Each structure stands twice: as C-alpha cells, then as structure tokens.
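Here is a small set of exercises to work through with the model open. Try each task before you read its solution.

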Amino acid sequence: LFSAAASNMSGTAKLFTPDGAKGSEMDSLGTTFFYAGLAGGVLEVQTLRVDSVVHEHVAMLKTDTQGHELHVLMGAEGLLHNHGVDILLVEFAPRLLMAN
C-alpha cells in the first residue's frame, strides 16, 4: 500500500479538491483551468509510476483517476510491456480527460 498518486513520473503534483478536504469524485491531478471559479483546495501530493512499484504480472489493473488516466497508463508502460496485465479497466471522465 502506497500513500501516493499514480502518474507518469515520480515526484509531486497538485491534487485539486473542489469540495475541500472532505473529498469527492471530482478530486483530480488535472489542470487548474477545469476548476476555475470553484471553491475548494489544492494539496501537494507525492506521485509515483505504477511500473516503479509493481514488478510482476497483474491479473487486473483498474484506474479511475478523474482525467489523469493517460498519465497513469504512461506510468504503467513498463508493467504493461515487461510483465503484462490480463484485464485493463479504465474508468474515465471525458470532460476532465479533455481538460488535461
């Protein structure tokens, strides 16, 4: 278990929380453009690549990252290429994905 956000690079990123600290389905590492005019907050979070921590075959990989899906998949490239994933389930938010 890791206390970090999956992304295409290890480091830090801004997590936008339109509903503040209570969290919501709209929390995202997306762009500030999408959240312009919304109340809420921004948290600095640690990020990591999925392929930097998973080094074995995976039966199922699910991502529901509110517009950050392509970044997560880029960060899993080594896992997908070197070890494989049987089922890849990507739930996405079209408006957030287009904003990123």
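The exercises below cover confidence, salt bridges, a surface patch and one backbone angle.

This is a predicted model, so local features need pLDDT of at least 70 and side-chain atom pairs count only at pLDDT 80 or more, while totals for chains, interfaces and linings use all residues. Residues are numbered from 1 along each chain as its sequence is written, and side-chain values use heavy atoms, with hydrogens and water left out.

**Exercise 1.** Find which elements have the lowest and the highest mean pLDDT.

Solution. Start with the overall score: pLDDT, the predictor's confidence in each residue from 0 to 100, averages 83 for the protein, and 75% of the residues score at least 70. Next, go element by element, taking helices (H or I, at least four residues) and strands (E, at least two) as DSSP runs numbered from the N terminus. Helix H1 (residues 32-35) comes out lowest with a mean of 56, and helix H3 (residues 77-82) highest with 97.

**Exercise 2.** Work out how many salt bridges a search of the whole structure finds, and describe each.

Solution. Look for a side-chain nitrogen of Lys or Arg within 4 Å of a carboxyl oxygen of Asp or Glu. The search turns up 2.

- Arg-49 pairs with Asp-51, with 2.9 Å between the closest N and O atoms. For the surroundings, use relative accessible area (buried under 20%, exposed over 50%, partly exposed in between; 1.4 Å probe, protein chains only). Asp-51 is buried at 16%, while Arg-49 is partly exposed at 23%.
- Lys-62 pairs with Glu-91, the closest N and O atoms being 3.6 Å apart. Lys-62 sits in strand E4 and Glu-91 in strand E5 (residues 85-91), so this bridge ties together parts 29 residues apart in sequence. Lys-62 is partly exposed at 45%, and so is Glu-91 at 41%.

**Exercise 3.** Identify which residues form a nonpolar patch on the surface.

Solution. Take residues with over 30% relative accessible area and no salt bridge, then join nonpolar side chains (Val, Leu, Ile, Met, Phe, Trp, Tyr) within 5 Å. That gives you Met-60, Ile-87 and Leu-89, which together have about 270 Å² of accessible area (Shrake-Rupley method, 1.4 Å probe, only the protein chains shown counting as cover). Met-60 belongs to strand E4 and is partly exposed at 45%.

**Exercise 4.** Where does Gln-66 lie, and is it buried or exposed?

Solution. First, place Gln-66 in the loop between strand E4 (58-64) and helix H2 (69-75). Then check the backbone: Gln-66 isn't a glycine, yet its phi is positive, about 50°. Finally, its relative accessible area of 13% makes Gln-66 buried.

Conventions. Patches are made of residues with over 30% relative accessible area and no salt bridge: like charges are joined within 9 Å, nonpolar side chains (Val, Leu, Ile, Met, Phe, Trp, Tyr) within 5 Å.
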